[in-house]
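The following paragraphs walk through one protein model, moving from a single residue outward to the wider arrangement of the chain. Please keep the sequence and the structure in view while reading.

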Amino acid sequence: MNDDLLLQYRPASSYNSPFFTTNSGAPVWNNNSSMTVGPRGPILLEDYHLVEKLANFDRERIPERVVHARGASAKGFFEVTHDISNLTCADFLRAPGVQTPLIVRFSTVIHERGSPETLRDPRGFAVKFYTREGNFDLVGNNIPVFFIRDGMKFPDMVHALKPNPKSHIQENWRVMDFFSHHPESLNMFTFLFDDIGIPQDYRHMEGSGVNTYMLINKSGKAHYVKFHWKPTCGVKSLLEEDAVRVGGTNHSHATQDLYDSIAAGNYPEWKLFIQIIDPADEDKFDFDPLDVTKTWPEDTLGVWC
């Protein structure tokens, strides 16, 4: 992509929507009056915008997130490069060359907002597309699998990974005590304790949708897909000793790297790839394609750009 095109689509407030929208991206018809039964009647609970507006107001002072508290965001755009109309009828994926504004948030997971960005921890990779049909969120991590299958265990898992509330120290025995009862987490641990367990920065890490999604084309045919983000500048990680050195110098190094790179015009870029399974073939594999603790093997299920 040439420099003129980069400048043309450089994120700016001029691309902001000229009208109010709900959180889901739907236009707001009236931001001054509530829906009522008649001109003097009671207010209707079905007034979605009123309920959402008041809910947002009540939560303007946002407490720190339980997970993914530490993070950095950047605006950009997504451009379709291949024709996948045979897979989906989604408007923003309708044809090569179609561009959609988006925002990406990178994050660490377990520790608080002021924690170093050099900890061995999964990284969040969340993308919000501002499409003509509304907002589409593709939430994921830098690791293609997850610790557990059942969301019922998620709060317990986070509590085990969090610092001990008595000492405010993260304790390995609490982590291992929980995961020793959940052997499906082993796949995630092999990624976490591999070299990629500490990304060098946000620009040099991959992203994954983790979950299995379904794309449906105009004729109603469905396909299971996995989404994978690959950085064009390559994947780079920190070894343990490098992480100690970098974290001791600048605990916001990844955020600063992202900000400085964009400010200098060195825009980070990822390519989005997908893996595809026909639902009719899902029973032909020796694993469950819907299981988030399993990867889809690339030797038999290639990754397509």
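Arg-149 is partly exposed, with a relative accessible area of 48%, and in this predicted model its side chain forms a salt bridge with Asp-291, the closest N and O atoms being 2.6 Å apart. The pair links distant parts of the chain, since Arg-149 sits in the loop between strand E4 (134-138) and helix H3 (154-161), whereas Asp-291 belongs to the segment after strand E8 (270-277), 142 residues apart. Unlike its partly exposed partner, Asp-291 is buried, with a relative accessible area of 9%.

A second salt bridge involves the loop between E4 and H3 as well, through Lys-153. Here Glu-184 is the partner of Lys-153, and their closest N and O atoms are 3.7 Å apart. Because Glu-184 lies in the loop between helix H4 (172-179) and helix H5 (186-192), the pair ties together parts that are 31 residues apart in sequence. With a relative accessibility of 13%, Glu-184 counts as buried, while Lys-153, at 27%, counts as partly exposed.

Side chains of opposite charge can pair when their charged atoms come close. A search of the whole structure finds 14 salt bridges, and Asp-91, Arg-94 and Arg-132 are linked with one another in a network of such bridges.

Another of these pairs leads into helix H6, where the side chains of Arg-245 and Asp-242 meet in a salt bridge with an N to O distance of 3.6 Å. Which separation within the helix goes with this pairing of Arg-245 and Asp-242? Being three residues apart in H6, the two are separated by about one helical turn. An α-helix has 3.6 residues a turn, so residues three or four places apart point the same way. Arg-245 counts as exposed at 52% relative accessibility, and Asp-242 is partly exposed, with a relative accessible area of 24%.

The helix as a whole, which spans residues 240-249, has Ala-243, Val-246 and Gly-247 as buried residues. Seen down the axis of H6, these buried residues fall within an arc of 95°, so they line one face of the helix. On the other side of H6, the exposed residues are Glu-241, Val-244, Arg-245, Gly-248 and Thr-249, and Arg-245 is thus met here again as the salt-bridge partner of Asp-242. What covers the buried residues of H6 includes helix H7 (253-263).

A further buried position is found in a loop. Ser-115 lies in the loop between strand E2 (99-108) and strand E3 (123-131), and yet this residue is buried, with a relative accessible area of 4%. Its side chain reaches the backbone oxygen of Glu-112 at 2.6 Å. What does Ser-115 touch, not counting residues up to four places away in sequence? With those left out, Ser-115 touches Arg-70, Thr-108 and His-251.

At the level of the whole chain, the protein is divided into domain 1 (3-58) and domain 2 (71-301). The centres of domain 1 and domain 2, taken over C-alpha atoms, are separated by 29 Å.

Notes. Residues are numbered from 1 along each chain as its sequence is written. This is a predicted model: local features need pLDDT of at least 70, side-chain atom pairs count only at pLDDT 80 or more; totals for chains, interfaces and linings use all residues. Side-chain values use heavy atoms; hydrogens and water are left out. Buried means under 20% relative accessible area, exposed over 50%, partly exposed in between (1.4 Å probe, protein chains only). Helices (H or I, at least four residues) and strands (E, at least two) are DSSP runs, numbered from the N terminus. The arc is that of the directions from the helix axis to the C-beta atoms. Contact means heavy atoms within 4.5 Å. Domain bounds come from an automatic or database domain assignment. A polar contact is a pair of N or O atoms within 3.5 Å; within protein, one must be able to donate a hydrogen and the other to accept it, and residues adjacent in sequence count only if both atoms are side-chain atoms. A salt bridge is a side-chain nitrogen of Lys or Arg within 4 Å of a carboxyl oxygen of Asp or Glu.
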